[in-house]
Amino acid sequence: MKPKMIFSDLDGTLFNHEHTITEHTREVILDILNRGHRFILCSGRPLSNMLRIKEQIGLDAPGLYLIAYNGAVIYDCDAKKTIYDKKMSYDTVRRVFALSREWNLHCHTYQGDTVLSPADDAELQAYLGPVTMEYTIIGDTDPASVLQSEPYKVLVIHLTDHAYLNAFREYAAKQLGREATLFFSNPRYLEFLHPDASKGKAVSYLLSHTGTAREDSIAFGDEQNDISMLEAAGIGIGMCNGTEEVRRIADRISRYDCDRDGVADMIRELRL
């Protein structure tokens, strides 16, 4: 069998609902690395957090990459450098903050390893739970005046009312037009990125960069932000716990959900 490049989302896919990876799934991943396949973590999480996860899992084989910020960053683990990035403009960040303020929604962005948030609210603390990041409260300060460089994404959160957040998505999309791409990474998180950033575009770039044929790639995901990745890979596998939209476009559906080692089971079924 030719070596495969396998892309996997984290939360709701590789990770269970406790935001952890089981020992069984970890062992299956390490086994396929030993067989010459490559396993690429692909998440909306910041790069610094993903580097910690890479170490925790024990992904130290050569030829590995990380896709962070929902495809806005590709990091070469061997060269220890970013090889691809798509940053938002200061003006777009400013506009997203202003729109979210109109709708009384939590909104934050990122400076390196630090979250920049107008308030220390319930939404911020819910976000920080799984990712373990520092944060700075900026109040009503113009976020562009605080940022030292253009950020990779802005995140808008509503913890309890997905319908309201979806209505805001539709409104913001009309207001911003081609200034940004926006999608849900889970029912509570609405992500704003550079208009050319997505997991699918990052996957396509990495396949070309490494000379890997599309038919030699596999992707796992569960949410709206994973759809472009599932479509870009040779085989797109939707998690059975994924959204209806993901399950509809996927080439295959996992037999088990993220709480029952669904990714590991499919890897074994594919005989990698």
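This is a tour of a predicted model, from an open sheet to a helix, a covered strand and a pocket. Residues are numbered from 1 along each chain as its sequence is written, and side-chain values use heavy atoms, with hydrogens and water left out. Because the model is predicted, local features need pLDDT of at least 70 and side-chain atom pairs count only at pLDDT 80 or more, whereas totals for chains, interfaces and linings use all residues.

**The open sheet.** Select the strands of the open sheet, eight in number, whose order is 5-4-3-2-1-12-13-14 with mixed pairing. Strand 5 (81-85) and strand 14 (252-253) stand at its edges, each with a single partner strand, so one side of each has no neighbour in the sheet. Helices (H or I, at least four residues) and strands (E, at least two) are DSSP runs numbered from the N terminus, and two strands pair if DSSP finds at least two bridges between them. Now add strand 4 (residues 73-76), which pairs with strand 5 in the antiparallel sense over four bridges; Ile74 has Tyr84 of strand 5 as its bridge partner.

**Helix 1.** Move next to residues 23-34, where Thr25, Val28, Ile29, Ile32 and Leu33 are buried (under 20% relative accessible area, with a 1.4 Å probe and protein chains only). Seen down the axis, the buried residues of helix 1 fall within an arc of 140°, so they line one face of the helix; the arc is that of the directions from the helix axis to the C-beta atoms. These residues pack against strand 1 (5-8), strand 2 (38-42) and helix 10 (262-269), contact meaning heavy atoms within 4.5 Å. Just after the helix, Gly36 takes a positive phi of about 100°.

**Strand 6.** Select residues 106-111, of which six of six are buried: His106, His108 and Tyr110 point one way from the strand, and Cys107, Thr109 and Gln111 the other way. Strand 6 runs antiparallel to strand 9 (residues 153-157), joined by four bridges, and His106 has Ile157 as its bridge partner there. Three bridges join strand 6 to strand 7 (residues 114-117), also antiparallel, and in the hairpin of these strands, with two residues between them, Gly112 takes a positive phi near 60°.

**The largest pocket.** Finally, show Asp11, His19, Ser185, Asn186 and Tyr189, which lie nearest the centre of the largest pocket among its 26 lining residues. Helix 4 gives the most to this lining, with three residues. A pocket is an open set of points on a 1 Å grid over the protein atoms alone, where a 1.4 Å probe fits, with protein on both sides within 12 Å along at least five of seven lines, and lining residues have an atom within 4 Å of a point.

Conventions: Buried means under 20% relative accessible area, exposed over 50%, partly exposed in between (1.4 Å probe, protein chains only).
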